[in-house]
There are 2 protein chains.
Amino acid sequence: MPRPPASERPEIDVLRVGHRAGRDPRLSTHLALTARAFGAGTMWLHPPDPSIARSLEAVRTRWGGTFSVEGCEDWRSLVRQFEGPSVHLTMYGEPLEEVAGALSREKRLLVVVGGAKVPSELFGLARWNVGVGAQPHSEVAALAVLLHALRGPPEAGGWPGAKQVVLPSARGKRVRMVR
Amino acid sequence: MPRPPASERPEIDVLRVGHRAGRDPRLSTHLALTARAFGAGTMWLHPPDPSIARSLEAVRTRWGGTFSVEGCEDWRSLVRQFEGPSVHLTMYGEPLEEVAGALSREKRLLVVVGGAKVPSELFGLARWNVGVGAQPHSEVAALAVLLHALRGPPEAGGWPGAKQVVLPSARGKRVRMVR
């Protein structure tokens, strides 16, 4: 699982459609953390939820990088106007193994992840409908496997601006504080 | 990402330690669904939570296979007595890329996933401490990438006993009902 060279890795943003602020805070937070760790630039959250944006800001302050969560009022416009094709993650879609090659040749991608009730128009709006398997599982799992396939594992070492860096270890927690 | 032949895929069970019934129902459900989809046999849930076991039973009735969630009162005994080594998933562990080869040569593995407060003795009890990257993200994401690396994508087609099967499609939902 080598990390592909930067020139061969598409830049990826994520759009989460149909977040429910009362019900999904932890799932949407896990989705955002996964997007960040596996190299996405931005996660657009529809409808906006400032509490999730704030908790990812706190992660960025501590662990570095430039990832952010942005509120999205109109997800259809975002899909239409994004500077690259969109990939809708769904268990009903084409197998990832069959389209990963084509996806990895794109410069920019918008990966669209639905909530509990996915509007069926998403199937028509997206350039690709892609399944990570055809069994019910988790949008967090599907996003992780897709990003890992296209961009490799999370970048090792300290990220720019990090206050702390993990020193990977076979035994116990080792963390280096920066400065 | 071809699926390795069965003889080269370790059999894997998952142990979730520190589930909080009031707070984590959806995350533990996503974790169980991910374990099932990517080929684990059983997810042991500590402490037991029959509501999650029941919802995975409903998934099995509809989508087939033999996966189940079992309650676990004493996770330390399970780790010690399991018929294979244990792999603790943690952002502080050795990079997955460095140990995936050794893990895939095992016949059986117990993958241990901590909740919010991971007892530090887990680091000592587990045979391996493995990180999917060294950034904070999600136990669901980490489990998915680990299982995908060791067992390949979810098995395609209908699973034994399924009442319905997805017919992967570039456009829209196609499902075949069995009998």
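The exercises below, each with a worked solution, concern a predicted model with chains A and B.

**Exercise 1. Describe the symmetry that relates chain A to chain B.**

Solution.
- Step 1. Superpose the copies: a turn of 180° with a shift of 0.0 Å along the axis lays chain A on chain B, with an RMSD of 0.0 Å.
- Step 2. Name the operation: this is the relation of a two-fold axis.
- Step 3. Locate the axis in chain A: the nearest C-alpha belongs to A141(A), 2.4 Å from the axis.
- Step 4. Compare the contact surfaces: 100% of the contact residues of chain A recur in chain B, and the same surface therefore serves both copies.

**Exercise 2. Characterise the interface between chain A and chain B by its area, contacts and composition.**

Solution.
- Step 1. Count the residues in contact: 55 of chain A meet 55 of chain B.
- Step 2. Take the area: about 4500 Å² is buried between the two chains, and carbon and sulfur atoms give 65% of this area.
- Step 3. Count the polar links: between chain A and chain B there are 18 residue pairs in polar contact, both residues at pLDDT 80 or more.
- Step 4. Assign the side of chain A that touches chain B to elements: helix 1 (25–37), helix 2 (50–63), strand 4 (86–95), helix 4 (96–104), helix 5 (121–125) and helix 6 (139–151) of chain A each give two or more residues.
- Step 5. Sort the residues on that side of chain A: 30 are nonpolar, 13 polar and twelve charged.

**Exercise 3. Find the salt-bridge partners of D24(B) and state whether D24(B) is buried or exposed.**

Solution.
- Step 1. Start with the interface, where two salt bridges are found. D24(B) pairs there with R26(A), and the closest N and O atoms are 2.2 Å apart.
- Step 2. Look within chain B: the side chain of D24(B) also meets that of R20(B) in a salt bridge, at 3.2 Å from N to O.
- Step 3. Check accessibility: D24(B) has 1% relative accessibility and so counts as buried, the limit being under 20%. R20(B), at 27%, is partly exposed.

**Exercise 4. Which parts of the chain do the salt bridges of R108(A) and R108(B) link?**

Solution.
- Step 1. Begin with the total: the whole structure holds twelve salt bridges over all chains.
- Step 2. In chain A, R108(A) and E83(A) form a salt bridge of 2.9 Å, N to O. R108(A) lies in strand 5 (residues 108–114), while E83(A) lies in the loop between helix 3 (75–81) and strand 4, 25 residues apart.
- Step 3. Compare exposure: R108(A) is partly exposed at 21%, and E83(A) is exposed at 62%.
- Step 4. In chain B, R108(B) bridges to D13(B), with the closest N and O atoms 3.2 Å apart. This pair joins strand 5 to strand 1 (residues 11–17) of chain B across 95 residues.
- Step 5. D13(B) is buried, with a relative accessible area of 8%.

**Exercise 5. Account for the surroundings of N129(B).**

Solution.
- Step 1. Place the residue: N129(B) is in strand 6 (residues 128–131) of chain B, and its relative accessibility of 0% makes it buried.
- Step 2. List its polar partners: the side chain of H88(B) is in polar contact at 2.8 Å, and the backbone oxygen of F123(B) lies 2.9 Å from a polar side-chain atom of N129(B).
- Step 3. Look across chains: the residues that N129(B) touches include S169(A), A170(A) and R171(A), as well as T90(B), G93(B), E94(B) and L122(B).

Key: Residues numbered from 1 in each chain as written. Chains lettered and ligands numbered in written order. Predicted model: local features only at pLDDT ≥ 70, side-chain atom pairs only at ≥ 80, totals over all residues. Heavy atoms only, no water. Contact = heavy atoms within 4.5 Å. Buried area = accessible area lost by both parts, 1.4 Å probe. Salt bridge = Lys/Arg side-chain N within 4 Å of Asp/Glu carboxyl O. Polar contact = N/O pair within 3.5 Å; in protein donor to acceptor, adjacent residues only side chain to side chain. Helix = DSSP H or I, 4+ residues; strand = E, 2+ residues; numbered from the N terminus. Nonpolar A, V, L, I, M, F, W, Y, C, P; charged D, E, K, R; others polar. Least-squares fit on C-alpha atoms with pLDDT ≥ 70 in both. Buried < 20%, exposed > 50% of the residue type's maximum accessible area, 1.4 Å probe, protein only. Lists of a residue's contacts leave out its neighbours within four places in sequence.
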